[in-house]
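Colleague: Take me through one part of this model at close range, please, and then connect it to what surrounds it. I'd like the packing first and the rest after.

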Amino acid sequence: MRRIFDIEKGMQKNEAYTFRKKIHPEDRRIFDKAVIESIKKNESVTSEFRIICNSTIKYVSSIIYSSNREDDATILRGTVQDITDRKIAEQKLLEIKQLKSEHEKKLRDAIFLTKEREQKRIAQELHDDIGSSLTVIKFALHQLDLSDDKKSNLNNSLTAIIKKVRNLSNELSPSILEEFGLFNALRNLIETIKDSTPIVATFISNVSEIIGLNKDVEISIYRIVQELLTNILKYSNATTVDVSFNLGKDKIELTISDNGNGFIPSKQIFKKDSLGLMNIESRIEYIHATIKYKKNTPRGTIVKIEKKIQ
Ligand SMILES: Nc1ncnc2c1ncn2[C@@H]1O[C@H](COP(=O)(O)OP(=O)(O)O)[C@@H](O)[C@H]1O
Ligand SMILES: [Mg+2]
């Protein structure tokens with residue numbers, strides 16, 4: 001103990017005081033608490049604290065035992081172990097962990113960017129190349145030597161395929177977002193639900209144009225709402241969906257509520273194989289926003305997204 005505390009041999013006056021004085025001022029309470037606890041409970045108590053020897057800091061682990069003597073005095077005994085190396089290794093490990101999670105975040109952000117870019121490329125190919133070629137074929141159809149019936153059938157099939165290609169292209173990379181902005185893109189998502197499903201869908205906004213958000217934020221919000229709406233269609237059995245957008249002075253709020261089965265995702269869901277919710281979490285983190293899932297009354301789910309703006 002003398003070696004660890006760097007205290008010379010030979011009994012001194014107030015020896016206990018000499019040792020205690022070497023404990024880091026911020027950690028003396030830890031030591032005192034351990035002593036008191038050991039006396040009170042009459043059992044051994046382990047504590048960890050720092051000591052200062054020649055202006056370097058050491059970490060120690062100490063076990064204090066107390067026992068009562070017949071004459072009512074209390075004897076305190078203890079052991080001290082130098083755990084500085086272990087503590088430093090632990091701190092290094094923590095730093096490495098932090099670095100790793102920062103690296104993972106950067107990697108995830110890069111994946112989003114790459115994925116979005118790649119989807120855009122495929123969308124353009126579908127729209128400009130395949131879509132245009134199909135349209136050319138459709139117009140060339142009239143020159144073919146076929147019965148009107150056959151022409152009409154072919155024409156209908158081609159029209160349907162062209163529409164599918166256009167929808168697919170738009171789903172991959174929403175050109176409406178780039179051309180007409182987030183407000184119109186969100187409204188379009190709702191319109192599509194209204195037109196193609198029996199669900200009653202509404203979109204309310206306190207502004208008729210959402211400007212000033214950067215492209216990454218816009219596309220992320222769009223993708224999040226797209227995923228939430230897809231989930232509602234797939235799983236909720238809802239008959240109504242309401243999306244509301246509110247542009248405040250210093251934040252935007254987006255609420256998506258349904259009257260379906262209702263679900264509150266737990267962290268376990270995120271960890272399992274539900275990619276959709278996990279991607280939403282990552283995108284939320286990416287744009288520094290927050291997302292909350294609440295129960296709707298009488299049934300269904302309310303999802304609230306908030307993002308601070310300057
Ligand atoms: N609006 C909703 N209402 C009810 N259940 C939902 C809703 N959204 C998601 N869920 C549930 O959460 C699970 C995870 O969703 P998600 O991560 O998007 O995965 P995926 O859509 O690939 O199944 C779904 O399988 C579903 O059980
Ligand atoms: Mg999903």
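Modeller: Let's start with the helix pair: helix 4 passes helix 5 in a left-handed crossing. Bear in mind that this is a predicted model. The partners here are helix 4, residues 84-140, and helix 5, residues 148-172. Two packed helices are described by the angle between their axes and the distance between the axes. For this pair, the axes come within 8 Å and cross at roughly 165°. With an angle over 145 degrees counting as roughly antiparallel, helix 4 and helix 5 therefore run roughly antiparallel to each other.

Who does the touching? On the helix 4 side, the contact residues are Gln119, Ile122, Ala123, Leu126, His127, Ile130, Gly131, Leu134, Thr135, Ile137 and Lys138. Helix 5 answers with Asn155, Leu158, Ile161, Ile162, Val165, Arg166, Leu168, Ser169 and Leu172. Sort the residues of this contact by character and you get twelve nonpolar, six polar and two charged.

Asp128 also lies in helix 4. With 11 other C-beta atoms within 10 Å, and 12 or fewer being the cut-off, Asp128 is exposed. For a sense of distance, the C-alpha atom of Asp128 is separated by 41 Å from that of Gly300, 172 residues apart along the chain.

Now for the sheets, beginning with the one of three strands. This sheet is open, has the order 1-2-3 and pairs antiparallel. Strand 1 (45-53) and strand 3 (74-82) each have a single partner strand, so these edge strands are each left with one side that has no neighbour in the sheet. On average, neighbouring strands here are turned by 35° against each other, ignoring direction. Helix 3, residues 28-41, packs on this sheet and touches strand 1, strand 2 and strand 3, its direction making about 150° with that of strand 1. Between strand 1 and strand 2 (residues 56-68) there are nine bridges, in the antiparallel sense. Within that pairing, Phe49 has Val60 in strand 2 as its bridge partner.

The other sheet is open too, with five strands in the order 4-5-6-8-7 and mixed pairing. Its edges are strand 4 (200-205) and strand 7 (289-295); each has a single partner strand, so one side of each is left without a neighbour in the sheet. Neighbouring strands in this sheet are turned by 10° against each other on average, direction ignored.

Strand 6 is a good place to zoom in. Strand 5 (residues 240-247) and strand 6 (residues 251-258) are joined by a hairpin through three residues, and they pair antiparallel over seven bridges. Val241 has Asp258 as its bridge partner in strand 6, while Phe245 stands opposite Leu254. On to strand 8: it runs antiparallel to strand 6, and seven bridges join the two. Leu254 turns up again in this pairing, standing opposite Ile305 in strand 8.

Which side chains of strand 6 are buried? They alternate along the strand: Ile252, Leu254, Ile256 and Asp258 point to one face and are buried, whereas Lys251, Glu253, Thr255 and Ser257 point to the other and are not.

Helices lie across this sheet as well. Helix 7 (residues 215-236) lies across strand 5, strand 6 and strand 8 (301-308), running at about 10° to strand 6. Helix 6 (residues 175-196) lies across strand 4 and strand 5, at about 165° to strand 4.

Leu189 is a residue of helix 6. Leaving aside residues up to four places away in sequence, Leu189 touches Val225, Gln226 and Leu229. The cut-off for burial is 20 or more other C-beta atoms within 10 Å; Leu189 has 21, so it is buried. Its C-alpha atom is separated by 68 Å from that of Lys22, 167 residues apart along the chain.

Last stop, helix 9 (residues 275-286), which is where Arg283 lies. Buried or exposed? For Arg283, the count is 23 other C-beta atoms within 10 Å, so it is buried. Arg283 touches Ser220, Arg223 and Ile224, again not counting residues up to four places away in sequence. The C-alpha atoms of Arg283 and Thr239 are separated by 28 Å, with the two residues 44 apart along the chain.

Conventions: Residues are numbered from 1 along each chain as its sequence is written. Chains are lettered from A and ligands numbered from 1 in the order in which they are written. This is a predicted model: local features need pLDDT of at least 70, side-chain atom pairs count only at pLDDT 80 or more; totals for chains, interfaces and linings use all residues. Two strands pair if DSSP finds at least two bridges between them. Helices (H or I, at least four residues) and strands (E, at least two) are DSSP runs, numbered from the N terminus. Axes are lines fitted to C-alpha atoms, for helices over the stretch in contact, and angles run from 0 to 180 degrees between N-to-C directions. Two residues are in contact if their C-beta atoms, placed from the backbone, lie within 7 Å. Angles under 35 degrees count as roughly parallel, over 145 as roughly antiparallel, 65 to 115 as roughly perpendicular and the rest as oblique. A crossing is left-handed if the near helix is turned anticlockwise from the far one by less than a right angle, and right-handed if clockwise. Ala, Val, Leu, Ile, Met, Phe, Trp, Tyr, Cys and Pro count as nonpolar, Asp, Glu, Lys and Arg as charged, and the others, Gly among them, as polar.
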